[in-house]
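Subject: A structure for you to explore

Hello,

I am passing on a structure for you to look at. Please open it next to this email, and then read on for what turned up in it.

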Amino acid sequence: QVQLVESGGGLVQPGGSLRVSCTVSGRTFSSGTMGWFRQAPGKEREFVAALRWSGGGYATHYRDAVQGRFTISRDSGKNTVYLQMNSLKPDDTAVYYCVAHGSRLILSRLWNGQNYNYWGQGTQITVST
């Protein structure tokens, strides 16, 4: 059984940093796609970042609102994906979900959560004073 388990959420002040982790069990996604989505109260779920296998390495992709502030990375040895979030803003407040797909998604399919067949349970991140 494949499981994605997020950890590391919590409360942080505006301008602060936080790192969330997604540990995978049951299989690896070394040649596939992994990423993060988020959903704020009353808002639609939205793409945050993704990591795609691309030949000799991994390509990263971000939504414009987090470009330059968030960094997605992976530790293959630990079968874990991370999302480092810096310069956090109140607008970043949401439940963050780890997602995965067993193959390399084409670019146009990254942004739609329906294209990912594995989801974690989510972790709450609140940016507030």
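How many bridges join β4 to β9, and do the two strands run parallel or antiparallel? Seven bridges join them, and the strands are antiparallel. Before you go further, please keep in mind that this is a predicted model.

**Strand β4 and its neighbours**

Strand β4 covers residues 33–39, and six of its seven residues are buried. Besides β9, it pairs with strand β5 (residues 46–54), again in the antiparallel sense, this time over six bridges. A good residue to click on is G35. In β5 its bridge partner is A50, while in β9 its bridge partner is V99. If you follow the chain from β4 to β5, you will trace a hairpin with six residues between the two strands. In that turn, G42 has a positive phi of about 75 degrees.

**The disulfide**

A disulfide is a covalent bond between the sulfur atoms of two cysteines. The count here comes to one disulfide. C22 and C98 are the residues it joins, with an S to S distance of 2.0 Å. C22 sits in strand β3 (residues 18–25) and C98 in strand β9 (residues 94–101), so the bond ties together parts that are 76 residues apart in sequence. The torsion about the S-S bond of C22 and C98 is about -80 degrees, so this disulfide is left-handed. Are the two cysteines buried or exposed? Both C22 and C98 are buried.

**Aromatic rings**

A pair of aromatic rings is described by the distance of the centres and the angle of the planes. Searching the whole structure gives seven aromatic pairs. One of them is formed by W53 and Y58, which meet edge-to-face at 5.1 Å centre to centre, with 70 degrees between the planes. W53 has a relative accessibility of 30%, so it counts as partly exposed. Y58, with a relative accessible area of 30%, is partly exposed too.

Y97 and W119 form another edge-to-face pair, at 5.9 Å centre to centre and with 65 degrees between the planes. This pair links distant parts of the chain, since Y97 is in strand β9 and W119 is in strand β10 (residues 118–119), 22 residues apart. W119 is partly exposed because its relative accessibility is 28%. You can also look for a cluster that ring pairs build from F37, F47, Y97, W111, Y116 and W119.

**Two residues with positive phi**

Most residues other than glycine have a negative phi. Which residue in the loop between β7 (70–75) and β8 (80–85) is worth a look here? That residue is N79, whose phi is positive, near 50 degrees. N79 has 13% relative accessibility, so it counts as buried. S87, in the loop between β8 and β9, also has a positive phi, of about 50 degrees, although it is not a glycine. At 39% relative accessibility, S87 counts as partly exposed, because that value lies between the cut-offs of 20% and 50%.

**The largest pocket**

Finally, have a look at the largest pocket, which has a volume of about 170 Å³. It is lined by 14 residues, and R38, K43, E46, D91 and D92 lie nearest its centre. What classes of residue make up this lining? Nine are charged, three are nonpolar and two are polar.

Enjoy exploring, and write back with any questions.

Best wishes

Notes: Residues are numbered from 1 along each chain as its sequence is written. This is a predicted model: local features need pLDDT of at least 70, side-chain atom pairs count only at pLDDT 80 or more; totals for chains, interfaces and linings use all residues. Side-chain values use heavy atoms; hydrogens and water are left out. On a 1 Å grid over the protein atoms alone, a cavity is a set of points where a 1.4 Å probe fits but cannot get out, and a pocket is an open set with protein on both sides within 12 Å along at least five of seven lines; lining residues have an atom within 4 Å of a point. Grid points are joined across faces, edges and corners, and a volume is the space filled by probe spheres set on the points. Ala, Val, Leu, Ile, Met, Phe, Trp, Tyr, Cys and Pro count as nonpolar, Asp, Glu, Lys and Arg as charged, and the others, Gly among them, as polar. A disulfide is a pair of cysteine sulfur atoms within 2.5 Å. Helices (H or I, at least four residues) and strands (E, at least two) are DSSP runs, numbered from the N terminus. Buried means under 20% relative accessible area, exposed over 50%, partly exposed in between (1.4 Å probe, protein chains only). Rings of Phe, Tyr and Trp (its six-membered ring) pair if their centres lie within 6.5 Å; planes under 30 degrees apart count as stacked, over 60 as edge-to-face and the rest as tilted. Two strands pair if DSSP finds at least two bridges between them.
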